[in-house]
Amino acid sequence: MFYRDKRVLVTGGTGFVGTHIVRELLKNDASVRVAVHARQPGSDLTNVETVCADLMRWEDCKTATHGIDYVIHAAGAVGAAGVRGYQLMEGITKNLILTANMLQAAWAEGVQKIVIFGSSTGYPAYSHPVKEEEMWLDEPHPSYLGYGWMRRYFEKLGEYVSRQSQCKVVIIRPSAVYGPGDNFAENTSHVIPALIKRAVQRENPYVVWGSGDEVRDFIHISDFSRACLLALEKCTHFDPINIGAGKVTTIREIVGFILDAVGHKDVPVVFDSTKPVTIPFRMIDTEKAKRLLGFEAQISLEKGIRDTVQWYKSAINSPNK
């Protein structure tokens, strides 16, 4: 097995995406280190090494990467459609510093390979499945002026490090990731956890931001974590790759899945187009991931939403919540 006894650092390893990646690495017999700052790993992640590190500090990043073979950089500030203005700028600044520090530390410490997350938000506003090579043909959608360009800049920093050092940089461009352990915070949650939370609260009428006709590609966190490990193993040179389900769904369809999973089906649904939304259509082409990684998503959206609803209900009823 590729990961057996490999030393892998996961930044953001106590967060939503990072926690699932850590679990996937442990299943593959990797030796995992998690950079810990604000919170500790969950009680099920007992076989990991932890290192206290504030990734806003270059010295801490260097300490965290010392002796490491590979890095998966999953740390970062969370954004959402309702996050605007100064709050968004604050997150952009933090993410730029975190990522630049980690790339520099990986270079300095002789890390073999580091995974950095780009984003489908960096793509132009095309109405077809967007291929990797189309990223730089036009500007991102206006709603992603700050966030999309930030993710684009990550890629340019990664390209520089990959070309100038022995540290190879893998760029993954995810679609919309969701699943158990997602962020359900009031102001920063994305569409699926936000809608699940309000359905569980029995909101009536059930208000949905936008027209309901917005189109997205949603990928379950278990599928995404598996894809990350495949990319780290199989990508040998700088060549950004889309990771998504390869299927699109309207927000209206998502609402139906959620209300059905929660058992809140008879509630009147109100679509509020005055609320902030982002790009109306986003689908990414996933043929490269299929060809180079042998990756295809396995968890259907309907099943994934049921799993997420079940997890959220258990989490809010837990005495340790």
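**Close-ups of a predicted model**

**View 1. Ser189, tucked into a loop.** Ser189 sits in the loop that joins β7 to α5. The model here is a predicted one. With 12% relative accessibility, Ser189 counts as buried. For a sense of scale, pick out Asn101 as well: it is 88 residues from Ser189 along the chain, and the two C-alpha atoms are 26 Å apart.

**View 2. The seven-stranded sheet.** The strands of this open sheet run in the order β3-β2-β1-β4-β5-β6-β11, and the pairing is parallel. At the edges you find β3 (49-52) and β11 (241-243); each has a single partner strand, so one side of each has no neighbour in the sheet. From one strand to the next, the twist averages 25 degrees.

**View 3. β5 beside β6.** Zooming in on one pair from that sheet, β5 (residues 113-117) and β6 (residues 168-174) pair in the parallel sense, with five bridges between them. If you want a spot to start from, take Lys113, whose bridge partner in β6 is Lys168.

**View 4. A helix laid over the strands.** Helix α2 (residues 58-65) lies across four strands: β1 (7-11), β2 (31-36), β3 and β4 (70-73). Relative to β2, α2 runs at about 165 degrees.

**View 5. Helix α9 and its buried face.** How far apart should the ends of α9 be? The helix covers residues 301-316, and at 1.5 Å a residue its 16 residues should span 22 Å; the end C-alpha atoms are 22 Å apart, so the model agrees with the expectation. Its buried residues are Leu301, Gly304, Ile305, Thr308, Val309 and Tyr312. Looking down the axis of α9, these buried residues fall within an arc of 135 degrees, so they line one face of the helix. That fits the usual geometry: an α-helix has 3.6 residues a turn, so residues three or four places apart point the same way. As for what they pack against, the buried residues of α9 meet β7 (176-178), α5 (191-200), β10 (218-220), β12 (249-250) and α7 (251-262).

**View 6. Cysteines without partners.** Searching the whole structure turns up zero disulfides. Why is Cys167 not bonded to Cys61? Cys61 holds the cysteine sulfur closest to that of Cys167, but the distance is 13 Å, which is too far for a bond. Cys228 is in no disulfide either, as its nearest cysteine sulfur, in Cys235, is 10 Å away. Both Cys167 and Cys228 are tucked away: Cys167 counts as buried because its relative accessibility is 3%, and Cys228 counts as buried at 0%.

**View 7. The loop between α5 and β8.** Two backbone details share this loop. One is the peptide bond from Asn204 to Pro205, which is cis, with omega near 0 degrees; Pro205 is in the loop between α5 and β8 (206-209). The other is Arg202, also placed in the loop between α5 and β8, which has a positive phi of about 60 degrees even though it is not a glycine. Is Arg202 buried or partly exposed? Its relative accessibility is 42%, so Arg202 counts as partly exposed.

**View 8. Asp5, ahead of the first strand in the numbering.** Asp5 lies in the segment before β1. Its phi is near 65 degrees, a positive value in a residue other than glycine. At 62% relative accessibility, Asp5 counts as exposed.

Note on methods
Residues are numbered from 1 along each chain as its sequence is written. This is a predicted model: local features need pLDDT of at least 70, side-chain atom pairs count only at pLDDT 80 or more; totals for chains, interfaces and linings use all residues. Side-chain values use heavy atoms; hydrogens and water are left out. The expected span of a helix is 1.5 Å times one less than its number of residues. Buried means under 20% relative accessible area, exposed over 50%, partly exposed in between (1.4 Å probe, protein chains only). The arc is that of the directions from the helix axis to the C-beta atoms. Contact means heavy atoms within 4.5 Å. A disulfide is a pair of cysteine sulfur atoms within 2.5 Å. Two strands pair if DSSP finds at least two bridges between them. Axes are lines fitted to C-alpha atoms, for helices over the stretch in contact, and angles run from 0 to 180 degrees between N-to-C directions.
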